[in-house]
Amino acid sequence: MNIAIYARKSRLSEKGESIQNQINACKAYVNMQYPDSDITIFEDEGFSGGNTDRPQFNILQSQIKKRKFDVLISYKLDRISRNISDFSNFVDMLDSYKCSYVSLKEQFDTSTPMGRAMMYILAVFAQLERETISERIVDNFTGLASTGRFLGAIPPEGYDKVKIEYIDKNGTSKKYNILKINKEESERVKFIFDKYLEWQSINKIQGYCMQNRITNRNGKDYKCISIRRLLTHPIYMTADSLAYEYLANKGVKIAVPKEKFDGKHGISILRRTKLASNATYYTDYSEWIVSVGEHEPLISSENWIKVQDIIEARKSLTIRRPIGKKGLLSSLLRCKKCGSYMRPSSISGDRFYYCCEKKEDSKRTLCDLKNARGDKLDREIISSLKSMLFDENSQITDFDVIKSRTNLLDYDLQKQLTQVEKKIKETDTVIKSLVHKVAATENKTLLSYITSEIENLDKEIKTLKLKKINIIEKINSCDVKFTNISIALKAVEKIRNGAIDIEIKTPEQLLEVRNIIKDVVDRIEYDGKNAQIFLKSF
């Protein structure tokens with residue numbers, strides 16, 4: 001039986017229902033209910049359940065439509081979606097492609113009518129919970145935003161975060177943050193705004209900064225995306241009547257009256273963010289909450305608005321268009337000279353080239369690596385990879401050995417865990433017995449002896465519990481390693497069976513072949529003449 005496991009977490013964290021905890025729970029269920037099944041894992045970390053636009057979830061859906069899975073399992077129903085409409089459509093899609101769904105936590109199965117009915121009811125409550133939480137957060141944010149204080153963790157470039165202490169009406173000492181101008185950084189911010197008004201090109205600013213060694217506060221090169229974020233950040237704008245009218249017309253929620261826009265302070269803003277394809281972006285104007293901050297502005301409202309108008313007018317020109325069915329090695333191919341990724345460009349029919357990003361962005365000042373003929377390199381890499389995998393002395397032949405060793409280590413750790421848990425239980429029983437003796441005796445010498453023994457046993461239990469935690473961490477590490485090796489071995493089998501030999505005609509086919517290669521290959525380095533493949537190591 002083919003089983004798919006899907007795990008999702010809205011924030012990048014190992015607390016609570018972490019991605020790995022969800023996967024481990026689902027795998028344990030599979031081993032109990034569907035032994036000897038093939039398991040494929042899909043995970044989206046940092047993505048909300050409010051919508052279904054998630055990378056791995058989209059791949060999961062496409063594979064379900066190809067009837068690759070008999071059962072889909074998730075830790076909880078809301079890992080799939082917190083939107084009743086999306087969830088309902090998804091369950092209908094599963095049903096049409098003969099794929100059952102099991103929610104581990106709620107113990108519901110769509111293969112039964114009662115299970116389907118209860119899942120729909122739970123989905124309604126999941127959506128209600130999401131909307132209630134969202135409303136509460138917005139209300140709290142609105143109240144905080146109206147104070148003008150800085151609510152972010154990291155101040156935007158051009159400012160430093162300063163903590164202000166005060167005594168409230170109850171005599172309690174309180175603290176809050178405001179922004180103060182950082183002279184060196186603020187000059188760079190003003191320079192970028194001025195140059196954009198002059199050149200009207202983010203690419204040109206990026207190239208100029210690279211060529212003239214102008215870096216950000218962390219000493220790293222400015223990228224187009226970071227320059228665009230800087231240019232569109234309202235915090236730099238003067239809060240005056242022109243700014244108020246502009247924001248109000250855009251549908252922004254303004255937390256203070258127009259009179260507060262005095263022309264002396266900057267804009268204070270809360271912009272909700274989302275994650276998509278590992279890139280953060282801001283939601284639309286309707287979800288902004290704006291107030292007037294206590295900080296000095298860097299850019300006049302007139303110039304800031306001019307910049308937004310230019311960016312909007314040039315939107316179609318500044319976004320890099322998808323490469324379609326070209327660039328099989330994207331996200332794998334690196335420049336050996338500077339370590340940057342190499343991206344496909346200069347497409348003409350079937351011919352295209354991989355170019356070093358740093359070379360292109362810096363106009364050859366920071367790197368001058370020769371471009372790679374992409375269509376030829378793709379074919380060469382596929383041929384070389386197949387040779388490596390069919391070679392009996394290949395590193396891949398070690399994968400099965402490592403997998404077996406990992407299995408044995410996991411078995412040994414499970415045995416150790418059982419022994420430690422048994423010892424903890426036995427020691428705890430002894431302590432309880434001694435406690436009863438303490439209550440029953442009045443002999444001071446015996447009481448002192450028993451108390452000392454209890455203290456020693458308590459220390460022993462603490463040591464055993466620490467040992468237990470350490471063993472569990474090692475078991476989890478084995479699970480991850482075992483899963484990764486299994487994925488790599490499946491990819492090897494697919495490659496050996498010709499899965500990457502297809503003629504790529506669509507972006508979907510490109511993505512599918514690239515993902516198979518990425519399951520086996522860690523990176524590919526190009527030195528201007530030759531490319532070297534580095535397989536994954538475990």
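Is Lys-423 buried, partly exposed or exposed, and what is its relative accessible area? In this predicted model, Lys-423 has a relative accessible area of 38% and is therefore classed as partly exposed. Lys-423 also takes part in a salt bridge with Glu-460, in which the closest N and O atoms are 4.0 Å apart. Because Lys-423 belongs to helix 13 and Glu-460 to helix 14, this pair ties together parts of the chain that are 37 residues apart in sequence. Glu-460 is likewise assigned to the partly exposed class, with a relative accessibility of 30%.

A further salt bridge is found between Glu-421 and Lys-468, with 3.5 Å between the closest N and O atoms. Since Glu-421 lies in helix 13 (residues 397-440) and Lys-468 in helix 14 (residues 444-496), the pair connects parts that are 47 residues apart in sequence. The relative accessible area of Glu-421 is 35%, which places this residue among those that are partly exposed, and Lys-468, at 27% relative accessibility, is also counted as partly exposed.

A salt bridge with buried partners is formed by the side chains of Asp-361 and Arg-343, at an N to O distance of 2.9 Å. Asp-361 is located in helix 11 (residues 357-361) and Arg-343 in strand 14, so that distant parts of the chain, 18 residues apart, are linked by this pair. The relative accessibility of Asp-361 is 8%, and the residue is therefore counted as buried; Arg-343, for which the value is 14%, is counted as buried as well. Through salt bridges that share partners, Arg-343 and Asp-361 are joined with Glu-357 and Glu-360 into one network.

Strand 14, which spans residues 342-348, also contains Ser-345. With a relative accessibility of 16%, Ser-345 falls under the 20% limit and is accordingly buried. When neighbours within four places in sequence are left aside, the residues in contact with Ser-345 are Phe-352, Tyr-353, Cys-355 and Glu-360. Glu-360 is thus both a contact of Ser-345 and a member of the salt-bridge network.

For the structure as a whole, 22 salt bridges are found. The chain comprises 15 helices and 18 strands, and 40% of its 538 residues are buried. Of the contacts between residues at least 6 apart in sequence, 66% join residues that are at least 24 apart. The area exposed by the chain is about 30100 Å², of which carbon and sulfur atoms supply 49%.

Conventions
Residues numbered from 1 in each chain as written. Predicted model: local features only at pLDDT ≥ 70, side-chain atom pairs only at ≥ 80, totals over all residues. Heavy atoms only, no water. Helix = DSSP H or I, 4+ residues; strand = E, 2+ residues; numbered from the N terminus. Buried < 20%, exposed > 50% of the residue type's maximum accessible area, 1.4 Å probe, protein only. Contact = heavy atoms within 4.5 Å. Areas by Shrake-Rupley, 256 points an atom, 1.4 Å probe, with all protein chains shown as cover.
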